[in-house]
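Reader: Could you walk me through one part of this model in detail? I'd like one helix and its packing partners, with the cut-offs spelled out.

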Amino acid sequence: MNVCVIGTGYVGLVSGVCFSEIGNNVTCVDLDENKINNLRKGIVPIYEPGLEDLVIKNTKEGKLSFTTRLTEGMDNADVIIIAVGTPEKETGEADLQYVEAVAKSIGENLNGYKVIVTKSTVPVGTNRRVKELVAKYSGSGNFDVASNPEFLREGSAIHDTMNMERAIIGVESEKAGQVLSELHQPFNTTIMVTTIETAEMIKYASNAFLATKISFINEIATICEKFNADVTDVAKGMGLDGRIGSKFLNAGIGYGGSCFPKDTKALIQISGEVEHDFQLLKSVIEVNNKQQRVLLEKAKERFGNLSGKNIALLGLAFKPNTDDMRESASIVIADELVKQGAKVKGFDPIAKETARRVLPQQVEISEDMEKTLEGADIIMILTDWDEVKNLDLSTLAGKQKKPVIFDGRNCFSLDYAGQFGLEYHSIGRPSLV
Ligand code: UGA
């Protein structure tokens, strides 16, 4: 099949590459000339394991190409995928200006039947708007619109797409349903065909539910700390019940990234439009905001004043295997520590450049964990990178000044951490002092 993907952000690029990998001819379109030139040379603008190799491989095999000209991509396309950004407005609602601009351009250039698919996360009802715009600017009805939400995670995006657990296809015509089912067949996955509104809702409901799981276990963690219970075992025990499942029950310093924070707020906004007050989701966000500051509270309780303390932050990205720091707890934590007069160093194996742009100037950023740990009074673990999880705690125990550890990701078992006489505070587990 000929596929045109508009927008080479996370979702657009990964799905374009994966659709080419399963045998389609894919043209990725983006207005950013620099980005397109780089992609043609196999230079990928984001850090995502495995992505660059697949870009190079499929470009070489002639199945994947990049252009700034929309018509070059869409003229021969059977399927056009809209994957442009839907950033958050100040009000919390999704900004649809890029989706609408693309719909207008598709309309202006429509040259035959196409299935126009929205992959960007958009509020319920947006596909109807896309349909209106394409019809208006094409003066034709020779197309179908569809919603095909994306469920990939940053850091494991290729794996998630190639092994997708489900493809949700929201359509209003049988023909579009058939075309998109055929497109997804090689993924060998469960294909669910729904109405457009249902598909749009499945995306928001999924992210909101996962965020709810995280805030729920973080609340349980807080209570566990009061009773000396261990939240890791509580989550394990809960997860043995198939109805609950063990995934996304890792207590920590809350969720970040470009999706959960944005999509939970957008769903509250969408609910408000139909006069429903989504109380549960409001609490999920409130709990998360509090949880991002939980290590600050623990350090305050332990030390009182943090002014002049040498603090090493281990991990700055919102999760491992990405350089993305959007809504990362590390930003909230670093800002506050600098404000309190602490001397802050930050380690991240990949997100150094991003960190430089978003953290206060005073934070000394390094890709060398040893350097970050030098002279630390306090260590705060913020991202569970493998480098951090593999840290040999005996080396810290051997230091003249033993640092106090606040582990926001429960990277070490209490048995292991307890071997070295270190002071170790984690989330939802008894402290070792
Ligand atoms: C999330 C969803 O998992 C994807 O299915 C979805 O496609 C994507 O949003 C999106 O809408 O585009 P992502 O934001 O890349 O993916 O990352 P996750 O792995 O979901 O992690 C989100 C945050 O939750 C991270 O800060 C992570 O540390 C935190 N988290 C996750 C926890 O604190 N505990 C957990 O048990 C799991």
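Author: Here's a look at helix α9 and the two helices it packs against.

This is a predicted model, where local features need pLDDT of at least 70, side-chain atom pairs count only at pLDDT 80 or more, and totals for chains, interfaces and linings use all residues. Residues are numbered from 1 along each chain as its sequence is written, and side-chain values use heavy atoms, leaving out hydrogens and water.

Helix α9 covers residues 196-227 and packs on helix α12, residues 279-291, at about 55 degrees, with the axes 9 Å apart. (Helices are DSSP runs of H or I, at least four residues, numbered from the N terminus; axes are lines fitted to C-alpha atoms over the stretch in contact, and angles run from 0 to 180 degrees between N-to-C directions.) That makes α9 oblique to α12, oblique being whatever is left after under 35 degrees (roughly parallel), over 145 (roughly antiparallel) and 65 to 115 (roughly perpendicular). The crossing is left-handed, so the near helix is turned anticlockwise from the far one by less than a right angle. On the α9 side, the contact (heavy atoms within 4.5 Å) includes Ala208, Ala211 and Thr212, and on the α12 side Leu281, Val284 and Val287 are among the residues.

Now α11, residues 260-273: α9 packs with it at about 120 degrees, again with axes 9 Å apart, and this crossing is left-handed too. Met201, Lys203 and Tyr204 are among the α9 residues here, meeting α11 residues including Phe260, Asp263 and Thr264.

Technical notes: Helices (H or I, at least four residues) and strands (E, at least two) are DSSP runs, numbered from the N terminus.
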